[in-house]
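Got the viewer open and a selection box ready? Here's a walk through the model, one pick at a time.

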Amino acid sequence: MKKILLGALVLSMAIFTSCESDIDADVPSVSDYNFISFEDDNVVFELNQDGSSTQTITVYNSRRSSSARTYNLQVLPAGFSALYGTDISSDAYSVPASVTIPANERSAQFDVTITDNGVASGQRLTIGFSNDTTAENPHPMNLNITIVCPVNELILDINFDNFAEETSWELYDLTSGTVLIASGDGYDDLDGGSIQERICLEDGDYGFVIYDVYSDGICCAYGQGSYTLTLNGEVIKEGGSFGANEVTLFTP
């Protein structure tokens, strides 16, 4: 009886192994497909404020080929989908028409250049593969833009009191004279609100002035207003209680 059971078990295993081999032979592996993809669906693109930046993008193919393969690229428009779509103007970017993977290689690279023509952090450039390629399952890629300062970054934060329209400010370059380079006013609708300004500065000497029309500062009789100047990550001035104006001199 034991011999019969053992024989049946061996026979069953042989049949299962044979069927498994047949199934495996019929099921394609990943390497049987010709997938093309970007390095990631979402990539951070650091854009120099008031300048241009270039970033190298890598594309991959699931298989090598004895001949070069060219894939056409396209910039996907705003509203392409809920997650993808370009929301910067066409004069702000440069994207090649195609990318070619060399023979016997599985990847290639191309450069994307974006210029700060009014571009803001949080905007994006979306690139996809054109429909006339043989690419399978082509996923688009978002280049998510973050504005960065290539030199010295000054950040001005203002928390307004109950009379924001009384507040204004000016920033002067004092390196070779007195040159107004930035300013802000007209905050009529920001009572109790706040703003943040980011300004790139070359090395030099600077002067910041904050004003209050009624000479009572922005704290504390009519609201808890305040302001902060941060240079290259370090707070260089905090205030709120002043008269008609307050001056801060600094050198990056």
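## Start in the open sheet

Select tryptophan 169 first: its bridge partner is glycine 184, which sits in strand 12. This is a predicted model, so take the tour in that spirit.

Now widen the selection to strand 11 and strand 12. The two pair in the antiparallel sense, over 5 bridges. The hairpin they make has 5 residues between the strands, and glycine 177 in that hairpin takes a positive phi near 135°. Click on glycine 177 and check its backbone.

Next, bring in strand 14. What joins strand 11 to strand 14? The answer is 7 bridges, linking residues 167-173 with residues 206-212, and the two strands run antiparallel. For a landmark in this pairing, pick serine 168, which stands opposite tyrosine 211 in strand 14.

Add strand 19 and you have the whole sheet on screen. It is an open sheet of 4 strands in the order 12-11-14-19, with antiparallel pairing. Which strands stand at the edges? They are strand 12 (179-184) and strand 19 (245-250); each has a single partner strand, so one side of each is left without a neighbour in the sheet. Look along the sheet and you can see how neighbouring strands are turned against each other, by 15° on average with direction ignored.

As a reminder while you flip the view: in a regular strand the side chains alternate between the two faces of the sheet.

## Show the cysteines

Now display the sulfur atoms. How many disulfides are there? The count comes to 2. Counting bonded cysteines along the chain, they follow the pattern 1-2, 3-4.

Go to cysteine 149 and cysteine 200 for one of them, with an S to S distance of 2.2 Å. Cysteine 149 lies in the loop between strand 9 (141-148) and strand 10 (152-159), while cysteine 200 belongs to strand 13 (residues 194-201), so the disulfide ties together parts that are 51 residues apart in sequence. Buried or partly exposed? For cysteine 149, buried it is, at 16% relative accessibility. Cysteine 200 has a relative accessible area of 21% and is partly exposed; the line between the two classes is drawn at 20%.

Then jump to cysteine 219 and cysteine 220, whose sulfur atoms are 1.8 Å apart in a disulfide. Set up a torsion about the S-S bond here: the value is about 80°, so this disulfide is right-handed. Cysteine 219 is buried, with a relative accessible area of 15%, whereas cysteine 220 is partly exposed at 42%.

## Pick out the salt bridges

Switch to charged side chains. The structure holds 2 salt bridges.

Select glutamate 153 and arginine 198: their side chains meet at 3.1 Å, N to O. This pair links distant parts of the chain, with glutamate 153 in strand 10 and arginine 198 in strand 13, 45 residues apart. Arginine 198 is partly exposed, with a relative accessible area of 43%.

The other stop is glutamate 246 with lysine 237, where the N to O distance is 3.9 Å. Glutamate 246 is buried at 18% relative accessible area, and lysine 237 counts as partly exposed at 25%.

## Drop in on proline 140

Centre on proline 140, in the loop between strand 8 (124-129) and strand 9. At 13% relative accessibility, proline 140 counts as buried. Which residues does proline 140 touch, leaving out those up to four places away in sequence? Show Phe38, Asp41, Leu76, Phe80, Tyr84, Thr126, Ile127 and Gly128 to see them. Add leucine 83 too: its C-alpha atom is separated from that of proline 140 by 9.7 Å, with their places 57 residues apart along the chain.

## Zoom out

Select the whole protein chain and switch to cartoon. The secondary structure comes to 1 helix and 19 strands. Of the 252 residues, 35% are buried. Take the contacts between residues at least 6 apart in sequence, and 72% of them join residues at least 24 apart.

Last, colour by pLDDT. The mean for the protein chain is 88, and 84% of residues reach 70 or more. Over residues 1-31, pLDDT stays under 50, and the model has 3 contacts there beyond four places in sequence. Where pLDDT is low, the predicted coordinates should not be read in detail.

Terms used
Residues numbered from 1 in each chain as written. Heavy atoms only, no water. Disulfide = S-S within 2.5 Å. Buried < 20%, exposed > 50% of the residue type's maximum accessible area, 1.4 Å probe, protein only. Pairing = 2+ DSSP bridges. Axes fitted to C-alpha atoms, helices over the stretch in contact; angles between N-to-C directions. pLDDT = per-residue confidence, 0-100. Contact = heavy atoms within 4.5 Å. Salt bridge = Lys/Arg side-chain N within 4 Å of Asp/Glu carboxyl O.
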